[in-house]
Amino acid sequence: MLFRSDRATLIRRLYFVMLGVPPTPEAVAQFVADPDQAAFEHLVDAVLADARYGERWARHWLDVIRFAETNGLETNRERPNAWRFRDYVIAAYNDNVPFDRFVREQLAGDALGNDVATGFLVAGPVDIVGSPDPTLTAQQRADQLDDMVATTGSAFLGLTVGCARCHAHKFDPIPHRDYYALTAEIGRAHV
């Protein structure tokens, strides 16, 4: 059974789903009064061209990769340049960047001439307290690298690979060898 919506409902649904905000009363009135058969197509194009589209949809990706504009942990200081990565993600959505390019830029943007894209790897919590104890310092670095590896695995592979840091499952798709190879590669790239 097909349910047809009136134009006022249709524009409200489109705005809420795609932009997360209601349309202005003027936009509703204009769309309702538009006799053009292609009015909805034009409206969709306009909504997709709206900067709020990228803002709404980028937030989902930023949540997946644990983006924050502060360091987290006990010091929780502001990261003054975090906005550059956030704006890169928003622009990627608004510019309709193909997903394969989006992924490559975030994993190797520094090698592709888009340094800001690799902010993905360091967007999570960072322990800035430090320690004079070399063992504790090494543990903090291992924890940072583990966060990068775990986030890479969950965001791009849909796998929880962090458990391979400590133990191996008989049928786990990520063995110790692969986990530590990835950790070493990320560690080399982000000293």
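Helix axes at angles under 35 degrees count as roughly parallel, over 145 as roughly antiparallel, 65 to 115 as roughly perpendicular and the rest as oblique. In this predicted model, local features need pLDDT of at least 70 and side-chain atom pairs count only at pLDDT 80 or more, while totals for chains, interfaces and linings use all residues. Residues are numbered from 1 along each chain as its sequence is written, and side-chain values use heavy atoms, with hydrogens and water left out.

The protein has a mean pLDDT (the predictor's confidence in each residue, from 0 to 100) of 87, with 96% of its residues at 70 or more. Confidence is highest in helix α2 (residues 25–33), at a mean of 96, and lowest in helix α8 (residues 176–189), at 84.

Helix α1 (residues 7–18) and helix α3 (residues 39–49) have axes that come within 11 Å and cross at roughly 25°; α1 and α3 are therefore roughly parallel to each other. In the contact (heavy atoms within 4.5 Å), R7, L10, I11, L14, Y15 and M18 of α1 meet A39, F40, L43, V44, V47 and L48 of α3. By class, eleven residues of this contact are nonpolar, none is polar and one is charged.

Rings of Phe, Tyr and Trp (its six-membered ring) pair if their centres lie within 6.5 Å; planes under 30 degrees apart count as stacked, over 60 as edge-to-face and the rest as tilted. Ten aromatic pairs result from this rule. The ring centres of W61 and F156 are 5.6 Å apart and the planes lie at 50°, so this pair is tilted. The pair links distant parts of the chain, with W61 in helix α4 (residues 51–64) and F156 in helix α7 (residues 134–157), 95 residues apart.

Technical notes
Helix = DSSP H or I, 4+ residues; strand = E, 2+ residues; numbered from the N terminus. Axes fitted to C-alpha atoms, helices over the stretch in contact; angles between N-to-C directions. Nonpolar A, V, L, I, M, F, W, Y, C, P; charged D, E, K, R; others polar.
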